[in-house]
Amino acid sequence: MASDTTHWNNVKIDYDKVLSTDASNVALLSAAVDQLPSDTADILDIGSGTGRLTSLCRTALPKARIVGVDPAPAMVEEAVAKFAADPLASFQDGVAEDLSAFPDESFDVAISSFALHHLELDTYPKAAAELLRVLRPGGVFINADQFCRVMGPAGSKPRATDVLELLTDKAKYYMREASFERMLLQLDLLPRFLREDGEILTTPEFWRNCLLDAGFDRAEIVATEPEELYNRVIVARKAPRADS
């Protein structure tokens, strides 16, 4: 997921416009923002892209400092331009599995949307550990993403069949309920999902278990509508200080 290799650096569509036609994605992001504690002062937006989720966080928490990180320089550049008038928002290159730019306990919340399924599976433990490290005691990690139902080796028939069925059903939903462009984006990415080439679905339970193994106090999975699309919000909480 390095910045010089991610295919999202070369996306030629109006990403915000296309995603905004998708009511299921709008519902997913809304559910994620609903999990923001009202007293949040510092937010890390991971895989911030063009700043779509950042905008929702800003609306919910006008006084919070928000730092966005993304591996695609083109998207970072677009987000910087979009938030040029916001002194409390900044964006830089970065990935979930290496947050070394930030000291321990820098943020109250780490949040992400439709980004972390780009991680290679063997980097999940490192990403979970980094998320735990940069959060303050009592902090929250909120991950709104797309998931699948079957784990297993890449290309195995059960896993490939599940991904193929799930994503073609999504494409049909997007054609019917969203827009032609949203459907095409799904189908354009389908070969990458099947090859697990920068688009790698996991079950929500896989991510939750990685977070718990890393030391998060608890983690829950929140389903959003329509549930059959397998969009979920994972909410993981770091334990508060023992003396608090």
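This report describes the aromatic ring pairs, and the charged groups placed over rings, in a predicted model.

## Aromatic pairs and a ring cluster

The count comes to six aromatic pairs. One of them joins Phe141 and Trp207, whose ring centres lie 5.7 Å apart with the planes at 55 degrees; because that angle is neither under 30 degrees nor over 60, the pair is classed as tilted.

This pair links distant parts of the chain, since Phe141 belongs to strand β5 (residues 135-146) while Trp207 belongs to helix α8 (residues 204-214), and the two are 66 residues apart. Phe141 has a relative accessible area of 0% and is therefore buried, and Trp207, at 1% relative accessibility, also counts as buried, the cut-off for that term being under 20%. Both residues take part in a cluster in which ring pairs link Phe141 and Trp207 with Tyr124 and Phe206.

## The Tyr173 and Tyr174 pair

Tyr173 and Tyr174 form another pair, with ring centres 5.8 Å apart and planes at 70 degrees; the angle is over 60 degrees, so the arrangement is edge-to-face. Both of these tyrosines are buried.

## Charges over rings

Tyr174 also has a charged neighbour, for the charged end of Arg182 sits over its ring at 4.0 Å from the ring centre. A second such arrangement involves Arg232, whose charged end sits over the ring of Tyr230, 4.2 Å from the centre of that ring.

Notes: Residues are numbered from 1 along each chain as its sequence is written. This is a predicted model: local features need pLDDT of at least 70, side-chain atom pairs count only at pLDDT 80 or more; totals for chains, interfaces and linings use all residues. Side-chain values use heavy atoms; hydrogens and water are left out. Rings of Phe, Tyr and Trp (its six-membered ring) pair if their centres lie within 6.5 Å; planes under 30 degrees apart count as stacked, over 60 as edge-to-face and the rest as tilted. Helices (H or I, at least four residues) and strands (E, at least two) are DSSP runs, numbered from the N terminus. Buried means under 20% relative accessible area, exposed over 50%, partly exposed in between (1.4 Å probe, protein chains only). A charge sits over a ring if NZ of Lys or CZ of Arg is within 6 Å of the ring centre and within 35 degrees of the ring normal.
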